[in-house]
Amino acid sequence: MEQILNISLIANRLTGSIPKELGNISMLRSLMVEDNMMSGAIPDELGNLASIERLLLSSNFFTGELPASFANLINMKDFHIGSNNFSGKIPDFIGEWNSLTSLRIQASGLEGPIPPNITLLTTLTDLLVISHYVNYLMCLPF
């Protein structure tokens, strides 16, 4: 049986939460659910997706903190979570994703500071951090 590698559900007016069972698709490389009306907390089980490279969650109504299990997602290249209602701090584990090329956390609900280890990500070429309140682009020296 073939494994699912990519799930793209962009702009389909989907509601509800992300099913925790998606965390069982061990070879999943891409999960894209941007521009929907999804809500709820992100399941911890998504931290089991060791092969995931692209996780696009922007423009939904997700809440809660990013799961600590996301520290396991060391192959992450594109991580977009903007325009949501997350809470908590920008997690330090993002700075451990050594393959990260694109990080977009604008208007995500997360609070700073930006973890200093992000400046060590030599593959990062796209960084977008805009606050709901201040509306400015944070640029880091690379």
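The numbered points below go through the strands, the aromatic pairs, the salt bridges and one loop residue of this structure.

1. Before anything else, please keep in mind that this is a predicted model, and that the residue numbers start from 1 along the chain as its sequence is written.

2. A good place to begin is the open sheet of six strands, in which the order is S1-S3-S5-S7-S9-S10 and the pairing is parallel. At its edges stand strand S1 (6-8) and strand S10 (126-128), each of which pairs on one side only. If direction is ignored, neighbouring strands of this sheet are turned by 10° against each other on average. For a first reading it helps to recall that strands of a sheet pair through backbone hydrogen bonds, which may be either parallel or antiparallel.

3. Within this sheet, one pairing can be followed residue by residue. Strand S7 (residues 78-80) and strand S9 (residues 102-104) pair in the parallel sense over three bridges, and Phe79 is the residue that stands opposite Leu103 in S9.

4. Other strands pair as well, and S6 takes part in two of the pairings described here. Strand S4 (residues 37-41) pairs with S6 in the parallel sense over three bridges, where Gly40 has Phe62 in S6 as its bridge partner. S6 also pairs with S8 in the parallel sense, here over two bridges, and in this pairing Gly64 stands opposite Phe86 in S8.

5. How many aromatic pairs does the structure hold? There are four of them, and one joins the two phenylalanines just named: the ring centres of Phe62 and Phe86 are 6.4 Å apart and their planes stand at 20°, so this pair counts as stacked, because planes under 30 degrees apart are given that name. Since Phe62 lies in strand S6 (residues 61-64) and Phe86 in strand S8 (residues 85-86), the pair ties together parts that are 24 residues apart in sequence. Both Phe62 and Phe86 are buried.

6. A second aromatic pair has another geometry, for the rings of Phe93 and Trp97 have their centres 5.5 Å apart and their planes at 40°, so this pair is tilted. Are these two residues buried or exposed? Phe93 is buried, with a relative accessible area of 12%, and Trp97 is buried too, with a value of 0%; the reasoning rests on the cut-off, because a residue counts as buried under 20%. Together with Phe70 and Phe79, these residues, Phe93 and Trp97, form one aromatic cluster, and Phe79 is also the residue that stands opposite Leu103 in S9.

7. The salt bridges come to three, and one of them lies between two strands of the six-stranded sheet. The side chains of Asp78 and Arg54 meet there, at 3.0 Å from N to O. Because Asp78 lies in strand S7 and Arg54 in strand S5 (residues 54-56), the pair ties together parts that are 24 residues apart in sequence. Asp78 is buried, with a relative accessible area of 13%, whereas Arg54, at 34% relative accessibility, counts as partly exposed.

8. Another salt bridge joins two loops, and in it the side chains of Glu111 and Lys89 meet at 3.9 Å, N to O. Glu111 lies in the loop between S9 and S10 and Lys89 in the loop between S8 and S9, so the pair ties together parts that are 22 residues apart in sequence. Glu111 is partly exposed, with a relative accessible area of 47%, while Lys89 counts as exposed at 51% relative accessibility; the two fall into separate classes because exposed means over 50%.

9. The salt bridge between Asp126 and Arg104 has its closest N and O atoms 2.8 Å apart. This pair links distant parts of the chain, with Asp126 in strand S10 and Arg104 in strand S9, 22 residues apart. Asp126 is partly exposed, with a relative accessible area of 22%, and Arg104 also counts as partly exposed, at 32% relative accessibility.

10. Finally, where is Ser83 placed? Ser83 belongs to the loop between S7 and S8, and at 33% relative accessibility it counts as partly exposed. Leaving aside residues up to four places away in sequence, Ser83 touches Ser59, Asn60, Gln106, Ala107 and Ser108. Ser83 and Leu100, on the other hand, are 17 residues apart in sequence and 20 Å apart in space, C-alpha to C-alpha.

Conventions. This is a predicted model: local features need pLDDT of at least 70, side-chain atom pairs count only at pLDDT 80 or more; totals for chains, interfaces and linings use all residues. Side-chain values use heavy atoms; hydrogens and water are left out. Two strands pair if DSSP finds at least two bridges between them. Helices (H or I, at least four residues) and strands (E, at least two) are DSSP runs, numbered from the N terminus. Axes are lines fitted to C-alpha atoms, for helices over the stretch in contact, and angles run from 0 to 180 degrees between N-to-C directions. Rings of Phe, Tyr and Trp (its six-membered ring) pair if their centres lie within 6.5 Å; planes under 30 degrees apart count as stacked, over 60 as edge-to-face and the rest as tilted. Buried means under 20% relative accessible area, exposed over 50%, partly exposed in between (1.4 Å probe, protein chains only). A salt bridge is a side-chain nitrogen of Lys or Arg within 4 Å of a carboxyl oxygen of Asp or Glu. Contact means heavy atoms within 4.5 Å.
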